[in-house]
Amino acid sequence: MQEIYPSFYHEFKCIANLCEDSCCKDWDIDIDSDTEEFYKTVQGSLGDKMRAMLVTDEYGERVFPCTDGRCPFWNRDMLCDIYIGIGEEHLSQTCANFPRVAVDYGDFCEHILSFACPEAARFMLKNTREAYSDFGGERELDLSEDSGDCMSFLIKAREKTLDYLLNEGEPFAYRLADCLEFNAQVQSLLDGEEPEPLDLSGAESRGSGFIFDMHLGFEIMSGEWKSALSDTAEKAQKLKIRDDFASDFEKFALYYVYRYYLEAINSGDVLYSIKRIVCAYLVTGKLDALFFERDYPYSRMRILQRYSKEVEHSYDNTEALNSAFDTDDRFEVESLIALLEQEI
């Protein structure tokens, strides 16, 4: 199997208690079966606490549940008692691997870091498309070609999508609109249909308020995040996304396309990933605009990182988005394009 990495992947190291957020914060911690078996053998007060804290969650997974916003083994020095007590080699797979993500497509496996980790986010915000050069694929895609070899077709469509996303000659909202239009054609081919030009003549924007309403209805871990969303939602229609926001958001979008676009090999829908990027752009861009206006002490990196942690890394939240994309006509491609054009 071919293993594929961005160039910065192996440079990453956890900065532990120097991190402004933590993977030990807000989340239940999944414990794999091999690790659980080992934890049954640990002696002393640490082993007793492990066995007492380990529970089965609503999805049938074995976890250390988040207590008062913390993993029960994340101590007041913001260090891990398990790491200290029995060593890094005995961390669960989740703790040992995060923020490293491996996506196995059978013939090849793509490795990436998660934007939900602040230190990983810093790496990705410093790197351009060239850092992902080994992800490869021919960039030229003829929409009349046979899409029978679906993975090869999707890899080339992914590269073409990034050509649109990273076209610095256009405002970012137009780039996203181009991505939507292109991938509507890609979706037609995947569905066995002839691609047709979009009819945008009757498309109307109903504003971005419904996207904020949806996000406020999500499962939310941080009260600070919920408060920020609420404040931004109240002014969303009047807030203008700052021109320089694109320079950072495009790195988030780059990560997101490489992380999720090829999921279409299973879902059959390339537009899920693009529509999620549109939602992320509008929510984080307007948060950034409000924070700049009010001089909030919350960096742009932290806005993007927190969005990843709150939305992207919640199965329930991403499923809610995908369900809305399937059923709510406000998420139709034409409507989203009209909404994006309104943001220019």
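How many bridges pair E2 with strand E4, and in which sense? I looked this up at the outset, working from a predicted model. E2 and E4 (residues 62-64) are joined over two bridges, and the pairing is antiparallel.

**Entry: the sheet around E4**

I then placed this pair in its sheet. The order is E2-E4-E3, an open sheet of three strands with antiparallel pairing. Strand E2 (29-30) and strand E3 (55-56) are the edge strands, and each pairs on one side only. For a residue-level reference I noted Asp30, which stands opposite Val63 in E4.

**Entry: the whole chain**

I recorded the overall description next. The secondary structure of the protein chain comes to 15 helices and six strands. For 344 residues, a compact globule would have a radius of gyration near 20 Å; I found 21 Å for the protein chain, which agrees. Along the principal axes, the C-alpha atoms fill a box of roughly 70 × 50 × 35 Å.

I also noted how the residues are covered. Of the 344 residues, 51% are buried. The accessible surface of the chain is about 16200 Å², and carbon and sulfur atoms hold 45% of that area. Among contacts with a separation of 6 or more, 73% are between residues 24 or more positions apart.

**Entry: the mixed sheet**

I turned to the sheet with the order E1-E6-E5, which is open, has three strands and shows mixed pairing. Strand E1 (2-4) and strand E5 (100-104) stand at the edges with a single partner strand each, so one side of each has no neighbour in the sheet. From one strand to the next, the twist averages 20 degrees.

I checked the two pairings separately. E1 runs parallel to strand E6 (residues 108-113), and three bridges join them. One of the residue pairs I noted is Gln2 with its bridge partner Phe108 in E6. E5 and E6 run antiparallel, joined by five bridges. In that pairing, Val101 stands opposite Ile112 in E6. E5 and E6 also form a hairpin with three residues between them, and Gly106 in the turn has a positive phi of about 95 degrees.

Which face of E5 is covered, and which is uncovered? I assigned Val101 and Val103 to the covered face, and Arg100, Ala102 and Asp104 to the uncovered one.

**Entry: helix H10 and Arg259**

I looked for a helix against the mixed sheet. H10 packs on the sheet and touches E5 and E6, with its direction at about 150 degrees to that of E6. Arg259 is found in this helix, which spans residues 245-260. I asked which residues Arg259 touches beyond four places in sequence, and found Val101, Val103, Tyr105, Ile112 and Glu312. Two of these names, Val101 and Val103, recur from the covered face of E5. Arg259 has a relative accessible area of 16%, and I list it as buried because the limit is under 20%.

**Entry: Tyr9**

I located Tyr9 in the loop between E1 and E2. Its relative accessibility is 9%, so Tyr9 counts as buried. Outside its neighbours within four places in sequence, Tyr9 is in contact with Arg100, His111, Ile112 and Leu113. I also noted that Tyr9 and Met124 are 115 residues apart in sequence, while their C-alpha atoms are 9.5 Å apart in space.

**Entry: cysteines**

How many disulfides does a search of the whole structure find? I obtained zero. The closest cysteine sulfur to that of Cys95 belongs to Cys24, and at 6.4 Å it is too far for a bond, given that a disulfide requires sulfur atoms within 2.5 Å. Cys95 is partly exposed, with a relative accessible area of 34%. Cys179 is in no disulfide either, and the nearest cysteine sulfur, that of Cys279, is 14 Å away. Cys179 is buried, at a relative accessible area of 1%.

**Entry: helix H15**

Why is H15 described as largely enclosed by the rest of the structure? I found that seven of the 10 residues of this helix (residues 333-342) are buried, which is the reason for the description. The buried residues are Val333, Ser335, Leu336, Ile337, Ala338, Leu339 and Leu340. I then looked up what covers them: the cover includes helix H7 (172-190), helix H8 (209-216) and helix H12 (271-294).

Terms used:
Residues are numbered from 1 along each chain as its sequence is written. This is a predicted model: local features need pLDDT of at least 70, side-chain atom pairs count only at pLDDT 80 or more; totals for chains, interfaces and linings use all residues. Side-chain values use heavy atoms; hydrogens and water are left out. Helices (H or I, at least four residues) and strands (E, at least two) are DSSP runs, numbered from the N terminus. Buried means under 20% relative accessible area, exposed over 50%, partly exposed in between (1.4 Å probe, protein chains only). Contact means heavy atoms within 4.5 Å. Two strands pair if DSSP finds at least two bridges between them. Axes are lines fitted to C-alpha atoms, for helices over the stretch in contact, and angles run from 0 to 180 degrees between N-to-C directions. The radius of gyration is taken over C-alpha atoms; the globule rule is 2.2 Å times the number of residues to the power 0.38. Accessible areas come from the Shrake-Rupley method with a 1.4 Å probe; for residues, only the protein chains shown count as cover.
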